Amino acid sequence: MMTYDNANIFAKILRGEIPCHKIYEDEHTLAFMDVMPMADGHCLVIPKAPSRGLLDADPTVLAKLMPIAQKVAKAAVTATGADGFQLRQYNEGAAGQTVFHLHFHILPMKDGVPLRPHTGKMADHAVLAEMAKRISAAL
Ligand code: AMP
């Protein structure tokens, strides 16, 4: 198994070296907007503890992460008026992973509206900031 690389972009966000549109933060977890959203309200929930993916994560980390993923998903669905959502998590490049720090994608979905491509177009930062505020307010 490949090892964790501290230079990945989510590690930089966790260290405060690059900004994010934050939705939620506690001692163990951070949730923020995906900058190339596949759906309106597409956000990411990550543990602060380092792991590349699901398989090298400590189970105690997962136990703290999942309730927050649930809470943020509920808020994202409320804030976007979605009819449902997908929870996605990619492991390694073969599976489409591009950032090698464990993260769950929350993808609010509306009836009949397809997702946009994975890592497609960068969204407008003002739109992301507004959405982060709305999801955060719905927590
Ligand atoms: P994955 O392919 O599962 O590793 O997904 C990585 C996700 O991170 C993609 O959906 C990207 O759009 C997103 N992403 C990349 N850089 C950033 C960033 N600086 N802030 C927020 N999301 C990002």
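Here are some exercises with worked solutions on the predicted model shown above.

**Exercise 1. The sheet**

Task: Work out in which order the strands lie in the sheet, and which strands form its edges.

Solution:
- Step 1. Begin with the pairing of E1 and E2: these strands run antiparallel and share 3 bridges. A hairpin of 3 residues connects E1 to E2, and Glu25 has Leu30 of E2 as its bridge partner.
- Step 2. Move on to E2 (residues 29–33) and E3 (residues 43–47), an antiparallel pair held by 5 bridges. Here Thr29 is partnered by Pro47 of E3.
- Step 3. From E3, go to E5, since the two pair in the antiparallel sense over 3 bridges. Val45 stands opposite Phe104 of E5.
- Step 4. Finish with E4 and E5, which are antiparallel and joined by 5 bridges; Leu87 lies opposite Ile106 of E5.
- Step 5. Put the pairs together: the 5 strands make an open, antiparallel sheet in the order E1-E2-E3-E5-E4. The edge strands are E1 (22–25) and E4, each of which pairs on one side only. From one strand to the next, the twist averages 20°.
- Step 6. Now add the helix: H2 (residues 59–80) packs on this sheet and touches E1, E2, E3, E4 and E5 (104–109). The direction of H2 makes about 165° with that of E3.

**Exercise 2. A covered strand and a surface patch**

Task: Find out how many residues of E5 are buried, and which residues make a nonpolar surface patch.

Solution:
- Step 1. Count along E5: 6 of its 6 residues are buried, so the strand is mostly covered by the under 20% cut-off.
- Step 2. Sort the residues by face. A useful reminder is that side chains in a regular strand alternate between the two faces of the sheet. In E5, one side carries Phe104, Ile106 and Pro108, while His105, Leu107 and Met109 are on the other, and both faces are covered.
- Step 3. Turn to strand E4 (residues 84–88), where Phe85 is found. Phe85 has 41% relative accessibility and therefore counts as partly exposed.
- Step 4. Look at the surface around it: Met66, Phe85 and Leu87 make a nonpolar patch of about 260 Å².

**Exercise 3. A glycine in a loop**

Task: Decide whether Gly41 is buried or exposed, and find which residues it touches.

Solution:
- Step 1. Place Gly41 in the loop between E2 and E3.
- Step 2. Check its accessibility: Gly41 is at 3%, so it counts as buried.
- Step 3. List its contacts, leaving aside residues up to four places away in sequence: Gly41 touches Met33, Ala76, Thr80, Ile106, Pro108, Met131 and Ile135.
- Step 4. For a distance check, take Tyr90: it is 49 residues from Gly41 in sequence, and their C-alpha atoms are 19 Å apart.

**Exercise 4. Salt bridges**

Task: Find which residues are joined into one network by salt bridges that share partners.

Solution:
- Step 1. Recall that side chains of opposite charge can pair when their charged atoms come close. The structure holds 5 salt bridges.
- Step 2. Start from Glu25, which is partly exposed because its relative accessible area is 38%. Glu25 forms a salt bridge with Lys22, with 2.5 Å between the closest N and O atoms.
- Step 3. Follow Glu25 to Lys48, where the N to O distance is 2.7 Å. This pair links distant parts of the chain, as Glu25 is in strand E1 and Lys48, 23 residues away, is in the loop between E3 and H2.
- Step 4. Compare another pair: Arg52 and Glu92 meet at 2.6 Å, N to O. Arg52 is in the loop between E3 and H2, Glu92 in the loop between E4 and E5, and 40 residues separate them. Arg52 is buried, at 5% relative accessible area, whereas Glu92 is partly exposed, at 25%.
- Step 5. Close the network: Lys22, Glu25 and Lys48 are joined by salt bridges with shared partners.

**Exercise 5. Backbone angles**

Task: Find what is notable about the phi of Glu92 and of Thr119.

Solution:
- Step 1. Keep the background in mind: most residues other than glycine have a negative phi.
- Step 2. Take Glu92, whose phi is positive, about 75°, although it is not a glycine.
- Step 3. Take Thr119, also not a glycine, with a positive phi of about 45°. Thr119 is in the loop between E5 and helix H3 (125–137), and its relative accessible area of 39% makes it partly exposed.

Terms used:
Residues are numbered from 1 along each chain as its sequence is written. This is a predicted model: local features need pLDDT of at least 70, side-chain atom pairs count only at pLDDT 80 or more; totals for chains, interfaces and linings use all residues. Side-chain values use heavy atoms; hydrogens and water are left out. Patches are made of residues with over 30% relative accessible area and no salt bridge: like charges are joined within 9 Å, nonpolar side chains (Val, Leu, Ile, Met, Phe, Trp, Tyr) within 5 Å. Accessible areas come from the Shrake-Rupley method with a 1.4 Å probe; for residues, only the protein chains shown count as cover. A salt bridge is a side-chain nitrogen of Lys or Arg within 4 Å of a carboxyl oxygen of Asp or Glu. Helices (H or I, at least four residues) and strands (E, at least two) are DSSP runs, numbered from the N terminus. Buried means under 20% relative accessible area, exposed over 50%, partly exposed in between (1.4 Å probe, protein chains only). Two strands pair if DSSP finds at least two bridges between them. Axes are lines fitted to C-alpha atoms, for helices over the stretch in contact, and angles run from 0 to 180 degrees between N-to-C directions. Contact means heavy atoms within 4.5 Å.
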